[in-house]
Amino acid sequence: MSEMLRIAVQNKGRLADGSLQLLEQAGLGITRNPGALTCRARGLPFELLFVRDDDIPSLVARGVCDLGIAGENVLREEALEAADVDNLQTVRALGFSRCTLKLAAPKDGSIQSIKDLQGCKIATSYPQILAEFLRDKTIKADCVTLKGAVEIAPALGLADAICDLVSSGATLAANGLVDFATVMQSEALLVRSNTVWGDGKEALLSRLLRRIDGVINSRATKYIMLNAPKEAISDITALLPGADAPTIMPLAGRDDQMAVHAVCRETIFWDTLEQLEANGAHSILVLPIEKMMG
Ligand code: ATP
Ligand code: ZN
């Protein structure tokens with residue numbers, strides 16, 4: 001039988017859409033039947049397994065799945081809790097599902113900084129990460145583990161403070177909480193088991209990684225095209241963010257004007273476009289890049 005890789009992704013939640021979108025853009029070809037917990041990809045020999053995010057580290061560590069996409073926070077929590085989770089390694093940081101594990105407490109309350117946590121009760125879904133953090137800061141506090149709705153613990157009198165994931169901070173504010181310290185930053189990671197694979201599986205992973213790198217690079221990269229007077233070209237090319245070798249060509253029938261085309265590896269902000277225009281650039285187009293390789 002030809003080689004196949006099995007990859008664990010979150011069934012539904014804050015990692016699910018980003019994971020599927022990345023794999024789809026990498027050409028896996030995924031059509032998921034509603035309710036199905038597995039799916040064979042059409043584009044490459046991969047099988048997807050749809051599970052809860054908390055189960056992903058151990059599924060990969062035990063070799064049930066070859067690969068998995070999970071949050072750094074979950075991977076760290078599981079690694080601290082279960083020894084067998086050592087048997088996996090990160091192969092790529094994927095740049096989506098970014099969030100921060102923060103400490104927060106009621107606004108205008110007695111807890112305003114880490115040292116105020118001495119002897120307090122802290123509610124969290126990440127008891128291991130929190131315990132490690134507190135040990136490091138030599139704080140002794142009680143940890144109350146809740147699977148969800150951690151933000152309401154202070155209002156219910158269950159805890160004095162919380163340690164929870166934050167992205168915009170809107171949920172904290174809605175619950176009258178203010179964050180005062182960062183415990184860890186997190187993003188989605190692609191992990192693999194440390195189990196020795198045959199050449200076929202290794203080759204398949206390399207192929208996937210090249211495509212994933214192409215997708216991630218192209219997300220941050222734009223193609224910019226503009227026209228400008230000849231004498232302004234050096235000022236204009238200096239303004240292009242992360243462009244290594246722009247193509248500069250004369251405009252047909254216009255001796256004084258040039259066309260500049262460049263791949264910009266950094267975000268092109270409106271400010272940059274305004275500066276380009278102020279330097280004489282016109283007909284400026286910024287285009288997304290769908291795929292990149294080589
Ligand atoms: P499951 O049912 O799979 O156990 P869950 O409720 O534990 O899901 P989600 O809320 O879907 O988990 O979050 C999954 C992951 O998404 C988190 O562990 C974290 O890595 C990431 N994430 C990104 N932004 C946020 C956020 N604002 N709040 C919580 N998690 C976030
Ligand atoms: Zn979960």
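This report describes the domains, two groups of strands, a zinc site and the cysteines of a predicted model.

## Domains

The protein chain is split into three parts: domain 1 covers 5–96 + 188–218, domain 2 covers 99–186 and domain 3 covers 221–288. Between the C-alpha centres of domain 2 and domain 3 the distance is 48 Å.

## Strand β3 and its partners

Strand β3 spans residues 46–51, and 6 of its 6 residues are buried. In a regular strand, side chains alternate between the two faces of the sheet. From β3, Phe46, Leu48 and Phe50 point one way, while Glu47, Leu49 and Val51 point the other way; all are buried. Glu47 is thus listed among the buried residues along with Leu49 and Val51.

Strand β1 (residues 5–10) runs parallel to β3 and is joined to it by 6 bridges. Within this pairing, valine 9 has phenylalanine 50 of β3 as its bridge partner. Strand β2 (residues 38–40) pairs with β3 in the antiparallel sense, over 3 bridges. Here cysteine 39 is opposite leucine 48 of β3. The connection from β2 to β3 is a hairpin through 5 residues.

## The five-stranded sheet

An open sheet of 5 strands has the order β8-β7-β9-β6-β10, with mixed pairing. The edge strands are β8 (142–145) and β10 (177–186); each has a single partner strand, so one side of each has no neighbour in the sheet. On average, neighbouring strands of this sheet are turned by 25° against each other, direction ignored.

At one edge, β8 runs parallel to β7 (residues 121–124), and 4 bridges join the two. One of the pairs is lysine 121 with aspartate 142 in β8.

## Zinc site

The zinc ion (ligand 2) has Asp53 (OD) and Asp54 (OD) as its protein donors, at 2.0 to 2.1 Å. The site has 4 donor atoms, and the angles among them run from 75 to 171°, which makes the site irregular.

The two aspartates fall into separate accessibility classes. Aspartate 53 has a relative accessibility of 17% and counts as buried, whereas aspartate 54, with a relative accessible area of 29%, is partly exposed.

## Cysteines

A disulfide is a covalent bond between the sulfur atoms of two cysteines. The count for this model is 0 disulfides. Cysteine 65 is in none: the nearest cysteine sulfur belongs to cysteine 39 and is 13 Å away, whereas the cut-off for a disulfide is 2.5 Å.

Cysteine 65 is buried, with a relative accessible area of 0%. Cysteine 264 is also buried, with a value of 0%.

Conventions:
Residues numbered from 1 in each chain as written. Chains lettered and ligands numbered in written order. Predicted model: local features only at pLDDT ≥ 70, side-chain atom pairs only at ≥ 80, totals over all residues. Heavy atoms only, no water. Domains from an automatic or database assignment. Buried < 20%, exposed > 50% of the residue type's maximum accessible area, 1.4 Å probe, protein only. Donors = N, O, S within 2.8 Å, 3.2 Å for Na, K, Ca; no water. Tetrahedral: all angles 85-135°; square planar, octahedral: opposite > 155°, others 65-115°. Pairing = 2+ DSSP bridges. Axes fitted to C-alpha atoms, helices over the stretch in contact; angles between N-to-C directions.
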